[in-house]
Amino acid sequence: MRFKPKPLKSDVKFECKFCIDCCRGRFIYLTLYDIKRIAEHDHDPQDFVLFTAENGKIRFVLAYREWDLGCVFHDPETGKCKIHDYNPLVCQIYPFMVSHKPLGVEGEESFEYKGEKLWLYYDESCPGIGEGKEIITREEIAELGLKFREEFDKTDLDGLSRILDEAEK
């Protein structure tokens, strides 16, 4: 299912319902930070990193199962993530989204955080929005979004080569 953005105008309750929509049929972008953390838990990057090309740049994404397009770390029996404690930044952000420009969605407004103008959204198709006791703040989402951008900007093939070399030692 595609992300259906709605403006995130206030802090919100969120509880994962393990519906698995976020773990299937989407590119889950990886940063070198993500790859290194996963590799440090005895997972070989060659088993979980795929390459894609966007706008002339190589990008890394989590590998997926061909039979259901589910993430290789998603357990289809339990609906749970096998690497939840060290999952990628994009997974930590979902079902939210941080943009550095407006998407053109009705009712969107900018959010100032650490001197940056950001636009925050949530996926209206996520059944966990508004559920549970945990409150997710806009500041938490913005912080993760800035960290993702910073890490994504320094992610390249040379960095992946260094991680692979370290894993072989």
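Mentor: Quick start: helices (DSSP runs of H or I, at least four residues) and strands (runs of E, at least two) are numbered from the N terminus. This is a predicted model, where local features need pLDDT of at least 70, side-chain atom pairs count only at pLDDT 80 or more, and totals for chains, interfaces and linings use all residues. Residues are numbered from 1 along each chain as its sequence is written, and side-chain values use heavy atoms, leaving out hydrogens and water.

Trainee: So which strand is Leu120 in?

Mentor: Look along residues 116–123, which make up one strand. Leu120 belongs to that run, so by the DSSP numbering its place is in β8.

Trainee: Is Leu120 buried or exposed?

Mentor: Buried means under 20% relative accessible area, exposed over 50%, and partly exposed in between, using a 1.4 Å probe and protein chains only. Leu120 has just 3%, so Leu120 is buried.

Trainee: Which residues does Leu120 touch, leaving out those up to four places away in sequence?

Mentor: Contact here means heavy atoms within 4.5 Å. Going by that, Leu120 touches Lys6, Pro7, Leu8, Met97, Val98, Phe111, Arg138, Ile141 and Ala142.

Trainee: How far apart in space are Leu120 and Ser10?

Mentor: In sequence, 110 residues separate Leu120 and Ser10. In space, C-alpha to C-alpha, the gap is 9.6 Å.

Trainee: What about Tyr64: buried, partly exposed or exposed?

Mentor: Tyr64 sits in the loop between β5 (57–62) and α3 (89–93). Its relative accessible area is 35%, so Tyr64 is partly exposed.

Trainee: And what do the buried residues of α1 pack against?

Mentor: In α1 (residues 32–39), the buried ones are Leu32, Asp34, Ile35, Arg37 and Ile38. They pack against β3 (29–30), α2 (45–48), β4 (49–54), β5, α3 and α5 (157–168).
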